Amino acid sequence: AAPPLPPDAAFPYPLRVPGEEGLYGVAEVSGALALTAKAVQHELLPGRPARLLAYELEHQGKVLRNPVLRVRTGARLRAKFWNALGEPSIIHWHGLKVDSNNDGHPHYAVAAGATYDYQFLVANRAATYWYHAHPHGATGRQIYLGLAGLLIVEDEEELALRKALDLGFGATDIPLVLQDLRLDSGGQPIFAPDATERFHGHFGGEVVVNLTPRPHLDVETRLYRFRVLNASNARLYRLAFRRGTRLLDYHVIGTDGGLLDRPRAVEEAFVSPGERLDLLLDLRAARPGDEVVVASLPFDAMHLETGGGAGHGAQHAASAPVLPDGAELALLKLRVARRIAYDRPLPQTLSRLEPVAESTASPRLVALDQAGRMTWRINAATYEQAATPIAVRRGSVEHWDLRNIAPSMPHPVHLHGFPFRVLAREASPAQQRRLAVDQNGLAASDLGWKDTVLVWPGETVRIAVDFTHPFPGDQVYLVHCHNLEHEDGGMMLNVRVAG
Ligand code: C2O
Ligand code: CU
Ligand code: CU
């Protein structure tokens, strides 16, 4: 065996990966689950227990926190949510095709001490989905403090891919949950957005990956799969792999709703809050001792076209520094520990993507704008629980033009209940346009089935949504910005699908 690598001053902490218990413990879903949302102590930094929130699951005699739930397409998921927080909450299954009773719409938030029962068929194709808190007005704080976990759906195609590439979940198939936290000098997370931060979004001073600050991961010379989830409140990442000054190619193999038709080689991709990026990194040519940094490259954050990102770090300097949005970041260091023989080729094809359904109706405009530099709106409205400003017919296929009216900010637009396809990007800023892989301006991260799509200031993104569903009666879902401060501030509308 190779000698252990020496400690790394800049990336001192081993990345937490899903295992059998504890944080991100893996639970194969069978039978009924009981998920308890509660306050926990968790050592973000060794020896400094931080007050966080987590979903706790007792599973086969073990205690898991924010468990990675693994379930087969076609299985039933039965879960009892017990709210042991001191405030209302509800679990939303982000990306799943469920009826509104099971969606975790904030309308169903339960009081402190109460429970909510979920029971639904998992109809989605294999992909990395996630679950998180969704009580209106407090979604940002609750996710920030820890109420988010992964839900991995598997099917035959997915299992075949893992077998072909000899991928082991938690070892060579690794989720990377990205969040940026603001920690005080005692290592406690701070969440107290002022008016500017409620408008721009809450940005932290430390990026944690799988709730590990400054992490490293020791790797071998083979293919690795990373399932990236941006669970940050407001921060975008321009994801790249850097060896020294060189960017490494990587292959996007899937997005929010599962595998693409074939791998797409890229050097970088934007991942906005709520989105997932499933990718392969080829380390076969690496040598022991090599180091690869998983980075976010600098970009123009386009906050109200002032360019400078959050920009209000200074006023918080006393409590904790803030990394500006768009700043260059080193997220994780991969250290090549040893050479192994690995001869699995990169797959040529991945999945057969169903074609986009045809639509004859003219596109529906979904305009994103602001009222007086204080409030973000969708179609000039903010969220009202009783209103359903967007009504669609069950079974219809609609094209939506998501238009972000400048001056503005990037808005990751998320639709509940119905995975969609991105058809085109128009009037994209240069940093997005240069990533286009087709004549419609789509980037690799726009391909396949999506549930969240980034819309830059000035841009219009056309999506196609098939509102077919098997549930009886009217169903009410949501469209909202997944910048959680925008969402909590009301950049969210009910979408009624008339039965
Ligand atoms: Cu992940 Cu309504 O959100
Ligand atoms: Cu969602
Ligand atoms: Cu937004």
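**Contacts, copper sites and enclosed spaces in a predicted model**

Leaving aside neighbours within four places in sequence, Q179 is in contact with nine residues named here as I143, Y144, E206, V207, V208, L211, A231, S232 and Y237. The structure described here is a predicted model, and Q179 has its place in strand β13, which covers residues 173–181. With a relative accessible area of 5%, Q179 is buried, because a residue counts as buried when this area is under 20%. One of the residues that Q179 touches, L211, also belongs to the lining of the largest cavity.

A search of the whole structure finds seven cavities of 30 Å³ or more, and the largest cavity holds about 60 Å³ of space. Its lining is made by L23, V40, H42, L52, L53, A54, R65, N66, G146 and L211. Two strands, β4 (32–45) and β5 (48–59), each supply at least two residues of this lining, and β5 gives the most, with three residues. When the residues around the largest cavity are sorted by class, six are nonpolar, three are polar and one is charged.

Two copper ions are considered next. The copper ion designated ligand 3 is coordinated by H411 through ND1, by C481 through SG and by H486 through ND1, at 2.0 to 2.1 Å. Along the sequence, the donor residues of this ion follow the spacing H-x69-C-x4-H. H411 lies in strand β30 (residues 411–415) and H486 in helix α6 (residues 484–488), so the pair ties together parts that are 75 residues apart in sequence. Both of these residues, H411 and H486, are buried.

The copper ion designated ligand 2 has as its protein donors H92 and H414, each through NE2, and these atoms lie 1.8 to 1.9 Å from the ion. Since H92 lies in strand β9 (residues 91–94) and H414 in strand β30, the pair ties together parts that are 322 residues apart in sequence. H92 counts as buried because its relative accessibility is 0%, and H414 is likewise buried, with a relative accessible area of 1%. Strand β30 thus holds H411, a donor to ligand 3, as well as H414, a donor to ligand 2.

The surroundings of H414 can be described further. A polar atom of the H414 side chain lies 2.7 Å from the backbone oxygen of D451, and the side chain of H414 also makes a polar contact of 3.3 Å with the side chain of T452. When residues up to four places away in sequence are not counted, H414 touches H92, H94, G95, D451, T452, L478, V479, H480 and H482; this list includes H92, the other protein donor of ligand 2.

Open pockets were also located in the model. The largest pocket contains about 570 Å³ of space, and of the 31 residues that line it, the closest to its centre are K97, G417, P419, D466 and T468. Strands β10 (115–121) and β33 (460–466) each contribute at least two residues to the lining of the largest pocket, and this lining divides into 17 nonpolar, seven polar and seven charged residues. The second largest pocket has a volume of about 250 Å³, and of its 15 lining residues, those closest to its centre are R198, E485, H486, D488 and G489. H486, listed here beside the centre of this pocket, is also a donor to the copper ion of ligand 3. The elements α4 (195–200), β27 and α6 each supply at least two residues of the lining of the second largest pocket, in which seven residues are nonpolar, four are polar and four are charged.

Several features of the backbone complete the description. A cis peptide bond, with omega of about -5°, joins A406 and P407, and P407 is placed in the loop between β29 (397–404) and β30. M302, although it is not a glycine, has a positive phi of about 50°; M302 is found in the loop between β24 (291–296) and β25 (329–338) and is buried, with a relative accessible area of 12%. A380, another residue other than glycine, has a positive phi near 60° and is found in the loop between β27 (375–378) and β28 (390–393). Is A380 buried or exposed? With a relative accessible area of 53%, A380 is exposed.

Conventions. Residues are numbered from 1 along each chain as its sequence is written. Chains are lettered from A and ligands numbered from 1 in the order in which they are written. This is a predicted model: local features need pLDDT of at least 70, side-chain atom pairs count only at pLDDT 80 or more; totals for chains, interfaces and linings use all residues. Side-chain values use heavy atoms; hydrogens and water are left out. Donors are N, O and S atoms within 2.8 Å of the metal (3.2 Å for Na, K and Ca); water is not among the atoms, so sites may look incomplete. Helices (H or I, at least four residues) and strands (E, at least two) are DSSP runs, numbered from the N terminus. Buried means under 20% relative accessible area, exposed over 50%, partly exposed in between (1.4 Å probe, protein chains only). On a 1 Å grid over the protein atoms alone, a cavity is a set of points where a 1.4 Å probe fits but cannot get out, and a pocket is an open set with protein on both sides within 12 Å along at least five of seven lines; lining residues have an atom within 4 Å of a point. Grid points are joined across faces, edges and corners, and a volume is the space filled by probe spheres set on the points. Ala, Val, Leu, Ile, Met, Phe, Trp, Tyr, Cys and Pro count as nonpolar, Asp, Glu, Lys and Arg as charged, and the others, Gly among them, as polar. Contact means heavy atoms within 4.5 Å. A polar contact is a pair of N or O atoms within 3.5 Å; within protein, one must be able to donate a hydrogen and the other to accept it, and residues adjacent in sequence count only if both atoms are side-chain atoms.
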